[in-house]
Number of protein chains: 2
Amino acid sequence: MKENLSTIASRTGVSITTVSRVLSGNASKYRISNATAERIKAEAARCNYAPSIVAQNLRKRKTRTIGLLTPSLSNPYFAEMASSIISEVHRRGYTTIVIDTMEDEGNFNEGLTQLVARQVDGIIAVPCGQDHTLVDGINNDFVPVMLVDRYYEDYALPYVTTNNYKGGFDATSLLIDAGHKSIACIQGVRTSAPNNERVRGYRDAMEEAKLSAFEFVAGNEFSIQNGYLETKLLLSRHQRPTAIFALSNNISLGVLKALREARLRIPDDLSLVSFDNYAYMDYMEPPLTRVSQPVEDMAILAAKILFDRIDGLTPGASQLRLSPTIIQGESVGRL
Amino acid sequence: MKENLSTIASRTGVSITTVSRVLSGNASKYRISNATAERIKAEAARCNYAPSIVAQNLRKRKTRTIGLLTPSLSNPYFAEMASSIISEVHRRGYTTIVIDTMEDEGNFNEGLTQLVARQVDGIIAVPCGQDHTLVDGINNDFVPVMLVDRYYEDYALPYVTTNNYKGGFDATSLLIDAGHKSIACIQGVRTSAPNNERVRGYRDAMEEAKLSAFEFVAGNEFSIQNGYLETKLLLSRHQRPTAIFALSNNISLGVLKALREARLRIPDDLSLVSFDNYAYMDYMEPPLTRVSQPVEDMAILAAKILFDRIDGLTPGASQLRLSPTIIQGESVGRL
DNA sequence: AAAAACCGCTCAAACGATTGTGCAATTTTA
DNA sequence: TAAAATTGCACAATCGTTTGAGCGGTTTTT
C-alpha cells in the first residue's frame, strides 16, 4: 500500500541507503553501479513510490513550505495578493500554508506560532495590530519574515508596500484639479501605517493647494460599515463636501450604499475616488476613479526577497514602496 | 535556541519520555509525580518550548493538515469559498495547504500528488478536467477527498454543490416571466457537471414555456473573454436575443464589456441574469439580477463531511446539492 | 610485490517526537 | 513477614528519511 525505502530495499536486495541515494539522484555521486540504479528505479516506478515529505522534513530540517498570513481572503485585494504569492511560491517548488487572521491580532499571533511550530522556511504576512515583539522575535531567531502591504513604521522588519503617500497625494490632487475644495477623507484603521501615509498624502495635497481649512478626515476601519456610517454622518452635516476620498475598496462600497440611500448621484451630486482596484469597479455606477496598488508586483517582490533570505543571500534594500497608478473612471465631476 | 524534549529532559534531570508525557498532558495517566510534573512544566514554560509538529507528524502518522485545491483565488467566488473552508478547518484545529490549480488539470493532479506526499489528513478539491482516476485512487487508498462545486457525474466521489439545475431553471423562468422569448445562454466549460446542469435547467425552462425554438447556447469557458466574445457574436446575429443568461460571474463581466462597447443598455436594450453572487454586483450598472450559490453553507458542509470521514464516522448522504437563491437586481426588463 | 586508488555498497546515527513494556523501590495486603 | 500491589520513572523501538564514515574486494600505480 504505502511504499517506503525499506520495502523497496528488501525487494531489490540492497540497503535502504542505496535506494535513497539512487532515488534522490545521487547514484553516481556515491558510486552506485548503473545496473543496481536501474533496478531500483524500475521497482520504484513499478510500485509508484513517492518519498514521505514528512520524514524528509524532519531529517533535512527544512519543509519547503512557507506560511502566508492574510487578514481576509474575502477581500478581493488580499485574495489577489494571496493568489499571486501562492503561485510565486509554487513556481519555486514550495507549498503554502494559508492562515486567515480575520483582522484579529490574536489570530495573527497564534498563526505565527503555529507556523513556527510547523517549521515553515519563511513567512509572508500582512500584520494585524501594532505589537511587533512576537513577529520580530520570530524573524530574528527562527525564520525570515516578510511583510506585505502593512508594516511597522520605524522598524527594521523588511516589507513591500505601495507608496501610499503618493497614492493619497495623487488622488487628492486629482480631485483638487477638478475644482473640488471640500474633500472628505474616510480612513481605515488609524494605527495602520499605510492608512496614515494615505492620510498624510491627502493632507499634504490639501495644504499645497491652500485648502487646509477644508481638511476633513473621519473613520476608523477598512470596512463597508465604516464607509457607510461615516458617509451617513458626512451627509448630515450642514456643509456637505463635494467629494469623498475613500481609503479602501470596502470603504467605498459603504460610501456607495449610503449615497444610494440618500438618492445622491455620482458624480453629479458628489465625487468619489477610491483606494484599491478591482475589475468590477469598471462596471459600477459609475465606473470608479481609483488608486490601483501594484498587487502582483508586490507579491513577486515579497517572494523574491523572502527566498533570497531563505537561500542565505543578503538582499539589498528590503523596505520597498511601489508606486500606485490612478485608474480613471467616471466618478469625479468637474466643478 | 530551538528547544526540544531532550534539552528539557537533561535540564530537569528526567528522561525524554517523562517530559513528553507531562507536556502532552498524560502525567497522571503514567503516574508521574506532581512534583516532577510541575518542575518540567515550569522549565518548558521558561524556555518557551513548543513541540516540533514535524516530528509529531512523522511519529503519529497524522499531520492535522488538510489540502485545498482551488481553481483560482482571483475569482471572488472561489476566494470566498476558500475563506470559508480555511476558517472551518481552523476551527477544528487543523491547518490548510492551499494549491491554486489555475484551472489546469496537470496542476490539479500534481497538486493532489504533492498533498498525498505531504500526508495531509484530507483533501477538499474543486476538480479540473474529467479524468478522475488519480483523485479516485487517492480517495480509496490514501486520504479522504471531498469535492466542492464541481464533481464527476455518475461517480461515487462525495461532493457538495449547488443545485445548478434549479439555478438554471429559476433564472430562465424569471426571464420568461418577464416576457422574454429569445434568451441566449452563455455557458462555461462544457465538460463541467455544474455547467451542464445549468444548461439543462435553462433548456427545461424554455421547453416548458414552449420556447424550444428559441433555445441558444454558446460559449466554452468560465472566463471574461468567453463572455465578451460570445456576446460580440450574439450581437452580430441578425436576430438579436432580448436577454442573456450568463452562467458565471466572469462570463457576465465579459457580457457587460461587450454591451458597453456596443452602447447597449441594460435592461432597456437587453436583459441579463448572471450566475454567482458578489457584493459588488449590487453597485453595478445596473445592479445585476443573479443566482447566488450558498458558498458558505457548501464550505461548512464539505468540511463537516470530510472531518466525519477523517474521524472514521461514516456519513450518510454525501452527494449533496444545496439550493441557490435568486437575488433581484435591476438587470431584467419587462417586455 | 607492496602501496595506493577505486569501486560498490552497507552501517549506524540522526532528525524530535510517541508509546508499550519493564524495573526497582516503596507501600499495602494477607 | 512474605507476597502482592502500587508508585515513579526509564529503556528502547518506532515513524521514514538522509548522510558521513567505513569496509572488503578489485584494479592501478610505483
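Here is a short dialogue on reading the two-chain contact, the DNA surfaces and a helix in a predicted model.

User: Before I trust any close atom pair, what kind of model is this?

Analyst: A predicted one, and side-chain atom pairs count only at pLDDT 80 or more.

User: Fine. Let's start with the two protein chains. How much area do chain A and chain B bury between them?

Analyst: The general idea first: the size of an interface is often given as the accessible area lost when the parts come together. In this model, chain A and chain B bury about 4700 Å² between them, and 64% of that is on carbon and sulfur atoms. Within what chain A buries against chain B, A:R118, A:Y280 and A:Y283 supply 18% of the area, more than any other three residues.

User: And how many residues does each chain put into the contact?

Analyst: Chain A gives 47 residues and chain B gives 47 residues.

User: On to the DNA. Which residues come nearest to strand D?

Analyst: There are 28 residues around DNA strand D, and A:R59, B:T18, B:T36, B:R59 and B:R61 come nearest. You can also ask which part of the DNA faces the protein: of the strand D atoms within 4 Å of the protein, 51% belong to sugar or phosphate and the rest to bases.

User: Which polar pairs could I look up for strand D?

Analyst: Try both ends of the nucleotide. On the phosphate side, a polar backbone atom of A:L5 is 2.8 Å from a phosphate oxygen of DNA strand D, and a polar backbone atom of B:S33 is 2.6 Å from a phosphate oxygen of that strand. On the base side, A:R21 has a polar side-chain atom 2.9 Å from a base oxygen of DNA strand D. As for the elements that give two or more residues to this surface, they are α2 (16-23) and α4 (53-60) of chain A, along with α2 (16-23) and α4 (53-60) of chain B.

User: What does the surface near strand C look like by residue class?

Analyst: It divides into 10 nonpolar, 11 polar and seven charged residues. Of the 28 residues around DNA strand C, the nearest are A:T18, A:T36, A:R61, B:L5 and B:R59. For polar pairs, the side chain of A:S15 has an N or O atom 2.8 Å from a phosphate oxygen of DNA strand C, while a polar side-chain atom of B:T17 lies 2.9 Å from a base oxygen of strand C.

User: Now a helix. How does the span of α6 in chain A compare with what is expected?

Analyst: Helix α6 of chain A covers residues 105-117, and its 13 residues reach 18 Å from first C-alpha to last, close to the 18 Å expected at 1.5 Å a residue. At its start, a side-chain oxygen of A:D104 comes within 2.9 Å of the backbone nitrogen of A:G106. After the helix comes A:Q119, with a positive phi near 55°.

User: Which residues of that helix are buried, and what covers them?

Analyst: The buried ones are A:F108, A:G111, A:L112, A:L115, A:V116 and A:A117. Their cover includes β1 (65-70), β2 (95-100), β3 (122-125) and α7 (133-141) of chain A, together with α4 of chain B.

User: One last residue: is A:G122 buried or exposed?

Analyst: A:G122 counts as buried because its relative accessibility is 0%, and the cut-off for buried is under 20%. This residue sits in strand β3 of chain A. Beyond its neighbours within four places in sequence, A:G122 is in contact with residues including A:T65, A:V143 and A:L306.

Terms used: Residues are numbered from 1 along each chain as its sequence is written. Chains are lettered from A and ligands numbered from 1 in the order in which they are written. This is a predicted model: local features need pLDDT of at least 70, side-chain atom pairs count only at pLDDT 80 or more; totals for chains, interfaces and linings use all residues. Side-chain values use heavy atoms; hydrogens and water are left out. A residue is near a molecule or strand if one of its heavy atoms lies within 4 Å of it. A polar contact is a pair of N or O atoms within 3.5 Å; within protein, one must be able to donate a hydrogen and the other to accept it, and residues adjacent in sequence count only if both atoms are side-chain atoms. Helices (H or I, at least four residues) and strands (E, at least two) are DSSP runs, numbered from the N terminus. The expected span of a helix is 1.5 Å times one less than its number of residues. Buried means under 20% relative accessible area, exposed over 50%, partly exposed in between (1.4 Å probe, protein chains only). Contact means heavy atoms within 4.5 Å. Buried area is the accessible area (1.4 Å probe) that two parts lose on being put together, summed over both. Ala, Val, Leu, Ile, Met, Phe, Trp, Tyr, Cys and Pro count as nonpolar, Asp, Glu, Lys and Arg as charged, and the others, Gly among them, as polar.
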